[in-house]
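Please look through the sequence and the structure below with care before reading on. The report that follows moves from the surface to a helix, then to paired strands and finally to the backbone of two loop residues.

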Amino acid sequence: MRNLLKHFAAGEMAALRTANLFAVLEVLFAGAPLVVLYAVITALVDGRASLSAIAPFLIVLVACFVVQALCAVRSVVAASLFAYGLGATLRLRLGEHLRRLPLGYCKSAAGSMVETLLLDVFNIELATSTMYNKFVASVSLPVIVGLLLAAIDVRLTLVLTATVPAALLFLWYSRKALDARSAETLGARREASSRVLEYIQGIRTLKAFNLTGDACNRLEAALGRLRDRSIALESTMGPASEIYACVAALGFALLIYCGTSLWRDGLASLPVLLLFMIASLKFYQPIMGIAPYASMIRHLRHSGENIRAVLTVAPQEGTSWILPEKNLGVRFENVRFGYADREVLRGLSFTARPQSLTALVGPSGAGKTTVVNLMARFWDVSSGRILVGGHDVRGLAPESLLGRIALVMQDVHLFHDTVANNIRLGKPDASPDAVVAAARAARCEAWVERLPQGFDTVLGEGGATLSGGERRRLAIARAILKDAPIVVLDEATASLDPENEGHIQEAFTALAASKTVFVIAHKLSTIRNADQILFLDAGTLVEAGNFEQLMAQSGRFRRFWDLQQQARGWKISR
């Protein structure tokens, strides 16, 4: 565990060492009264226990208690500083690391990421703020008491400690079962988190279809496994700790038997025997506490391993090239890519010239969104290469690449923040006037000003208080404000009424005059002016050309166009 902490803290262990030092000093002064007790018992037995004779011992005793309390406070403060400072650093470090990982990793392990950022880091905080110090104290106090008693009587000290090795040996051998149960419990907790997250995200659908019972089986099964694994863990930790404590405590009975025998035979004095019997309580109490603290630390260590596993996932690296602020072209060269065992793009090649508009069309699942995800380097290609401004995107730092791309995706996420700050994500240092101008260009200024606090209105989490069209227009305002040389519109005009759709198209027509624009569109009438239209099917480029060329070919694009025109005349009927 200490090696993990050292790794996470980048070697900055001074606060933890201070906490451990004062924890040891605390137990040292906790054991010091035994020396005073021995002197008082000796004085009582010898008949020299006057108030004046005992007074110095009482002063020393009070001083020990005061120093012990001060050391305890200092130890707790130092441990807290280390624990919660490390926790904050770990959360920031995990967040920054996740930002640099491929998007697929974060999406495939969303529940686990929530568990790691919250529970696992909390477990590390718990281990270092409380458990670790208590474990150090539980180990140190018996050692200190044992050394003090050995200075008085080695024989009785050997009797006192006789059962401890056997108890520790049992604890050592039980660790494998504990490790297995801990790993199973944390795995079940991660699965349960994923299912809970899935349930919350899908609650609208569940309510809409009035789904109960079988519809929640995955959640119920995950929670049931978590319950069973948690019970199994406690069933392993509890008996192991109790058996260990029982074996260790047998030494007290052995001490009484052997000590009484030695006193009866005149081989041990009564003050020494009484001292050992009283001191044995201070000796065995922390020893019995070693098992639960050690078990908890081993259990919490798995959280540290989970955090380290996330941090060791290779991030997307690259050189921080300063890409031009305009005239950026894009080229795909024989690009292949797949999710797990499903290939999505199969040898895709095309070129998008600077300041051109490229439309991606085709049936659902053809790979259109995957094209722009790969261009933005949310994932890396399996083979082939993608060039932006003449640079292979795999050689570009994600920050450099994404700084030159403005994305308006299908799934718009708004944060629990003001309208202005949500738009300002496109350019964090933008002035209020620039934010308003972007909102005006995206045709959302009018309805924003009708909100209770206008641009200072705090939106609900995920933008839940806005309609789908309003969320989409705020996302468009972000892209306009960012003013990046490459713009990606993934069904950007969906969910808009016809009037605003026309306004948005006008705004982006003006924007596209100096940008390299990619449009993913199912409504083919919106891309008639595209410089090139790429028709994808099953990850393959089937047709390419402008609108007139593709219509003249009478191929797949023409059939799509004709079907869409027919669908425009569709009416609901009984």
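Does Leu223 count as buried, partly exposed or exposed, and what is its relative accessibility? In this predicted model, Leu223 has a relative accessibility of 39% and therefore counts as partly exposed, because that class lies between the limit for buried residues, under 20%, and the limit for exposed ones, over 50%. Leu223 is found in helix 11, which covers residues 217–264, and together with Val196, Tyr199, Ile200 and Ile203 it forms a nonpolar patch on the surface, whose residues have about 390 Å² of accessible area together. The most is given to this patch by helix 9 (residues 175–201), which provides three residues.

Helix 8, made of residues 164–173, shows how one helix can have two sides: its buried residues are Val164, Ala167 and Leu171. These buried residues lie on the same side of helix 8, because they cover an arc of only 65° around the axis. As a general rule, an α-helix has 3.6 residues a turn, so residues three or four places apart point the same way. On the other side of helix 8, by contrast, Pro165 and Tyr173 are exposed.

Turning to the strands, strand 1 (residues 330–339) has antiparallel pairings with strand 2 (residues 342–352), over seven bridges, and with strand 4 (residues 383–388), to which five bridges join it. Arg331 illustrates both pairings, since this residue stands opposite Thr351 in strand 2, while its bridge partner in strand 4 is Leu387.

The last topic is the backbone angle phi. Most residues other than glycine have a negative phi, and the table lists two residues that have a positive one although neither is a glycine.

| Residue | Phi | Relative accessible area |
|---|---|---|
| Arg377 | about 65° | 5% |
| Asp483 | about 55° | 45% |

Arg377 is found in the loop between helix 13 (368–375) and strand 4, and with a relative accessible area of 5% this residue is buried. The side chain of Arg377 also makes a polar contact, at 2.7 Å, with the side chain of Asp380. Asp483 is found in the loop between helix 18 (468–482) and strand 7 (486–490), and its relative accessible area of 45% means that Asp483 is partly exposed.

Notes: Residues numbered from 1 in each chain as written. Predicted model: local features only at pLDDT ≥ 70, side-chain atom pairs only at ≥ 80, totals over all residues. Heavy atoms only, no water. Patch = residues over 30% accessible without salt bridge, like charges linked within 9 Å, V, L, I, M, F, W, Y side chains within 5 Å. Areas by Shrake-Rupley, 256 points an atom, 1.4 Å probe, with all protein chains shown as cover. Salt bridge = Lys/Arg side-chain N within 4 Å of Asp/Glu carboxyl O. Helix = DSSP H or I, 4+ residues; strand = E, 2+ residues; numbered from the N terminus. Buried < 20%, exposed > 50% of the residue type's maximum accessible area, 1.4 Å probe, protein only. Arc of directions from axis to C-beta. Pairing = 2+ DSSP bridges. Polar contact = N/O pair within 3.5 Å; in protein donor to acceptor, adjacent residues only side chain to side chain.
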